[in-house]
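Q: I have a protein model open on my screen, and I would like to learn how to read its features step by step. Could we go through it together?

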Amino acid sequence: MTAKQPKSILKKTREPSAPTTTVVGSTIVRTGPPTPQSKPLPTPEEARAIALSHAHSIQIRKVLELSILTSLEQLVDFPLPDSTSTDLKCHLRYFQPSDFDSLMEERRICDKCSYPLCPNPPKRLAGGGKSTYALVNKGKKTMRFVEKEKLERFCSDICARQGLWLRIQLNPEPAWTRAETISDAQVDDKGAVSGLDLTGEKWRGGLESKILLLEEAEEQRRQAKWNNTREADIKKLEEELMEVGISFEKETRGPKQSDSLSVDIKERKNEAGMANPPELILTDENGSRVRAIEGYTPKIGPVYTRKISTEKGE
Ligand SMILES: [Zn+2]
């Protein structure tokens, strides 16, 4: 009788890993044991091209990151005396939503409303305290706890709507992987990058800018120049506003057409001149005019005919 072989509690040794190819400069380093199915290695020329392509991507990314940082710095100082909404949109063209978060944080630290076109300081909640949360919309259906930091980003609900609307429209894809941004980019032997629209000149020359201010978006919506993407963005905005206890409908949208009552007010001109008060004229049998005594016509004496006329002198 043979004893059963005890089961090992040790981990099984790993099987040899599949071979991998690493490109270092123009030489190819191969690790792991060779297997019959392994792909053919790139030629030294191909390997060099791959390495160069990676290096170029890194250069382009560095340049675009610097451009975003410069825009962020400038947007912290917004609004400048001569800055326009187009300048704002131009600065935002390479931004991702996370860059806008950094901008909001920077502006909050600088005591500025997070909507870059607003010069006001953000609202500060009363009674500082240690609590990082505040209760909003007390006693209402939408009552909730919200991080104080989120409530102190904007000066008003109007700016919160406008600011968050900008953020929602930003492309979540990094600028250095967007085809339209890097399609003309070139990197020379020294690593200098050209062909990027770093000044925003090409962007400004574009027919239509993708980012809209909230009021522009609302106008397009009214005119039905609208698509599903924008409608989805509005839904997203409503949700984000709800999180901080703000309703989207209030103040941003005017009354619906069916709710409004249109009244034409027409001023009448007095064409007939001054109106004359009616005059009580009494005549006796002979037709001669007799006046009543304080409106009372005596019944004794001649029979009078009452005649009321508005015409003067009758
Ligand atoms: Zn504001």
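## Reading one model, feature by feature

A: Let us begin with contacts around a single residue: setting aside its neighbours within four places in sequence, Pro122 is in contact with Asp111, Lys112, Cys113, Glu152, Arg153, Phe154 and Cys155. Please keep in mind throughout that this is a predicted model.

Q: Where is Pro122 placed, and is it buried or exposed?

A: Pro122 has its place in the loop between helix H3 (97-109) and S3. A residue is called buried when its relative accessible area is under 20%, and Pro122, with a relative accessible area of 6%, is therefore buried.

Q: How far is Pro122 from Asp111, counted along the chain and between C-alpha atoms?

A: The two residues are 11 residues apart along the chain, and their C-alpha atoms are separated by 6.4 Å. Asp111 is likewise found in the loop between H3 and S3, but Asp111 is partly exposed, with a relative accessible area of 40%.

Q: What can the backbone angles tell me about Asp111?

A: Here one looks at phi and its sign: Asp111 has a positive phi of about 60°, although Asp111 is not a glycine. Another backbone feature to look for is the peptide bond itself, and a cis peptide bond joins Phe78 and Pro79, with omega at about -5°. Pro79 is found in the loop between helix H1 (44-76) and helix H2 (85-91).

Q: How many salt bridges does the structure hold, and how do I recognise one?

A: A salt bridge is counted when a side-chain nitrogen of Lys or Arg lies within 4 Å of a carboxyl oxygen of Asp or Glu, and the structure holds 14 salt bridges. One of them is formed by Arg167 with Glu240, whose closest N and O atoms are 3.8 Å apart. This pair links distant parts of the chain, since Arg167 is in helix H5 (residues 157-169) and Glu240 is in helix H9 (residues 228-243), 73 residues apart. Arg167 counts as buried at 19% relative accessibility, whereas Glu240 is partly exposed at 22%.

Q: Which residues does Asp184 and which does Glu231 meet in a salt bridge?

A: Asp184 forms a salt bridge with Lys202, the closest N and O atoms being 3.2 Å apart. The pair links distant parts of the chain, with Asp184 in the loop between helix H6 (179-182) and strand S5 (186-187) and Lys202 in helix H7 (residues 201-205), 18 residues apart. The side chain of Glu231 meets that of Arg221 at 2.4 Å, N to O; Glu231 is in helix H9 and Arg221 in helix H8 (residues 214-222), 10 residues apart. Glu231 is partly exposed at 26% relative accessible area, and Arg221 counts as partly exposed at 23%. Salt bridges can also share partners, and in this way Asp101, Arg167 and Glu240 are joined into one network.

Q: How should I read aromatic rings, and how many aromatic pairs are there?

A: A pair of aromatic rings is described by the distance of the centres and the angle of the planes. The structure holds 0 aromatic pairs, but a ring can also have a charge over its face, and Arg93 lies over the face of Tyr94, at 4.4 Å from the ring centre.

Q: Which residues form a nonpolar patch on the surface?

A: Tyr133, Leu135, Met143 and Phe145 form such a patch, with about 410 Å² of accessible area together. Tyr133 is found in strand S3 (residues 133-136) and is partly exposed, with a relative accessible area of 42%.

Technical notes
Residues numbered from 1 in each chain as written. Predicted model: local features only at pLDDT ≥ 70, side-chain atom pairs only at ≥ 80, totals over all residues. Heavy atoms only, no water. Phe/Tyr/Trp six-rings, centres within 6.5 Å; stacked < 30°, edge-to-face > 60°. Lys NZ or Arg CZ within 6 Å of the ring centre and 35° of its normal. Patch = residues over 30% accessible without salt bridge, like charges linked within 9 Å, V, L, I, M, F, W, Y side chains within 5 Å. Areas by Shrake-Rupley, 256 points an atom, 1.4 Å probe, with all protein chains shown as cover. Helix = DSSP H or I, 4+ residues; strand = E, 2+ residues; numbered from the N terminus. Buried < 20%, exposed > 50% of the residue type's maximum accessible area, 1.4 Å probe, protein only. Contact = heavy atoms within 4.5 Å.
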